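Please open the structure in your viewer and keep the sequence panel beside it. The tour below goes from one selection to the next.

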Amino acid sequence: MKPKLELLDRTLLDRILREAFTLIMEPGVKVGDPEAARVLLSAGARVEDGVAHIPESLARRALESAPREFFLYDRAGHKAVHYGGDDVHFDPGSSCLNMLDADTLCPRLAQTADLVALIQVTEMLPHYAAQSTALVCSDVPSEIGDFYRLFLVLWHSSKPIVTGAFSGPTLQAMIDLLIADSGNSAALKEKPRAVFDVCPSPPLNWTDFAAYNLVTLARAGVPAELISMPLAGATGPVTLAGSVVQHAAESISGLTIHQLAEPGAPIVWGGAPAIFDMSSGSAPMGAIETVMLDLACAQVGKYFGLPTHAYLVASDSKLVDAQAAMESSMSAVLGALAGINMISGAGMLDSLACHSLEKLVIDAEAIASAQRLARGIEARTETLALGMFSQTGLHGDFLKLKETRALFRCEQHFPSTIIDRSSRGENDDEALHDTFSRARQRVRELRSSYSPAALSAETRSRLLGIAVRETSLVGLAGLPGIEQAAPFPGI
Amino acid sequence: MNEPILQAMRQSIIDGAPETALALAQTALTNGLDLLDAIHHGFVPGMHQVGEQFAQHTMFLPDMMASAEAMRAAMQVLEPALKKQGAERPVAGTVVLGTTQGDIHEIGKTLVGTLLTAHGFKVYDLGVDVPSDKFATTALEVGADIVGVSALLTTTMRGQRNVIAAIERQGLRPRVKIVVGGAPVTRRWAEEIGADGYGKDAAAAVTLMKSLMRTRELLPADARAD
């Protein structure tokens, strides 16, 4: 059996849903975008003063029309991420402003070179099924910050992408990029490469841009990922159960807008809820209650049979230290046990304010262990032990058995050099390297072994054309991050 | 000997395929091929490659054991045939192995023995819970080049010092080299008790013993004389 973790019993789950369906009717949900309001109105919702009152029956019809699963594809057209069932994938955290400088251990504003490095490291780690548009690059005008980071990921990576737009005009430009990457809009619909995070503002507010985002993505056939993020105690009820209700209400109302715009369009029940720290006033992503919120919210999505997402594997620590490892590995394990389809957040520190390449490679090890745990214990042989004992008797020479050689690779996960299991003996006179030092070395190795993504000349040309079009609109000279397309020989 | 069959021999060891290795050894025999050539340019380089891959963490202990088993299968055919021809595979070294008195842990020491055999060493495995004097008397009897002393416990690790003392009492030092290993053993401990080397794992122990044999060959003849 595969282990499975659920935090809500059926009684509590029913109460959460009853209250969520009640909330979307009364007090209702703010909907800023006129087109979103129009589709709600024409489907039978009451819309007054920018507030939509959505009947449960309408929301349930929308929940029925949403697909139960879909795939994201890599550049070669292979299925690479399965949104559905209990399959679990991880991607780095996204939209971060700062990068931890591994030399000074201080954060600094992220630049395109940092994003390229992060893409390269992620590309080389199989633990990450998808890339994310991880950094907001300070050397790119903010008007196209979202667009340009997607351009860089498409340029340097072949993996699927978890991304998101910051404004209406750039959303369309980003969809143009994806169409250029796929060849045409039909190909993009058939084999989507990216999913877009779309965030309501808590509580219960689908802003003009967020609602527009939902409608546009649905009609383009580009998967959307609902990222409701109540802060329990500040922008949401202080109780975990109460914030799960708010998350459900925001997600159901967003999904209703999306499905009314285009029934059957791919959508993910995601989120980034957190508790509100009553001492610091922060949103602690490493807090166990934040993890509990994420797991409970995902469980509600799973109850509806929808693909799921959560924001985990991030830490509140400012350094890549024991706190970072503890918080991140704990949530990686719990998220994997909950069967959440896409878990974003790896690499992130300081309550999502800072990214670290070193943390990203360390988190990959925690993810590998979590994935191993999620596979569970299987009966791989006809008898569990008797057959092997019949060969060894009491001598106990299991290392020589054919079964050992045939099965040890699927039974055991083999960590990278990040994890030190060697005996002290060989180096007892030498200073040992700690995890961070080993992570720095691994980052260097991964980057030096990175090969540029296999982009056809036509795709390059199409992507460049759109990039030049958009950058020239904001007066950006050149295309930062593109001259670094080749491996870094000096690293 | 033609390269394809040598390559197949190497591969049979890398694959850890005893049946294939045995069949290739028999083919060499049937076709009248140079058996030493088969060993030195066919099977042994396969074992070297396995050692390299183990160091690079692309092969693991069960792979190594399977390769050693394939080597054993091939040598079971080749060694008697060589003897009949009046030839012999040169022995890489003679090693006496055992676990210290009071310690019944076997696996590490046995693994070293298996790999040493696969690399052409003649191994006398005394087993576990071996009195110190037994190491010394056996080393004398068999003309050992190296004595390997294993211990898994910090308490029995001290027995390694006793083995060195016993071998010194027999007057076998410095001709007989002493190698220590086991989970609690460190390089510093090896130096402290006057051992000639320490292997952090079975593969490292084999590399160390090969290196000690090379060093030993450089010793003056009187120091090497039995």
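Is His57(B) buried or exposed? Select His57(B) in this predicted model: the residue has 11 other C-beta atoms within 10 Å, and because a residue with 12 or fewer counts as exposed, His57(B) is exposed. His57(B) sits in the loop between helix H3 (35-55) and helix H4 (61-84) of chain B, and its phi is near 60 degrees, a positive value in a residue other than glycine.

Staying with chain B, move to Pro174(B), which is found in the loop between helix H8 (159-169) and strand S4 (177-181); the peptide bond that leads into it from Arg173(B) is cis, with omega near 0 degrees.

Next, colour chain A by secondary structure, where 16 helices and 20 strands should appear. Its radius of gyration is 23 Å, close to the 23 Å that the globule rule gives for 491 residues, so chain A is as compact as a globular protein of that length.

Within chain A, select Pro27(A), in the loop between helix H1 (10-25) and strand S1 (29-31), and look at the cis peptide bond from Glu26(A) to Pro27(A), whose omega is near 15 degrees.

Then show both chains together: twelve residues of chain A are in contact with 17 residues of chain B, and the side belonging to chain A has two nonpolar, four polar and six charged residues.

Finish at residues 484-491 of chain A, where pLDDT stays under 50. Where pLDDT is low, the predicted coordinates should not be read in detail.

Conventions
Residues numbered from 1 in each chain as written. Chains lettered and ligands numbered in written order. Predicted model: local features only at pLDDT ≥ 70, side-chain atom pairs only at ≥ 80, totals over all residues. Contact = placed C-beta atoms within 7 Å. Nonpolar A, V, L, I, M, F, W, Y, C, P; charged D, E, K, R; others polar. Helix = DSSP H or I, 4+ residues; strand = E, 2+ residues; numbered from the N terminus. Rg over C-alpha atoms; globule rule 2.2 N^0.38 Å. pLDDT = per-residue confidence, 0-100. Buried ≥ 20, exposed ≤ 12 C-beta atoms within 10 Å, placed from the backbone.
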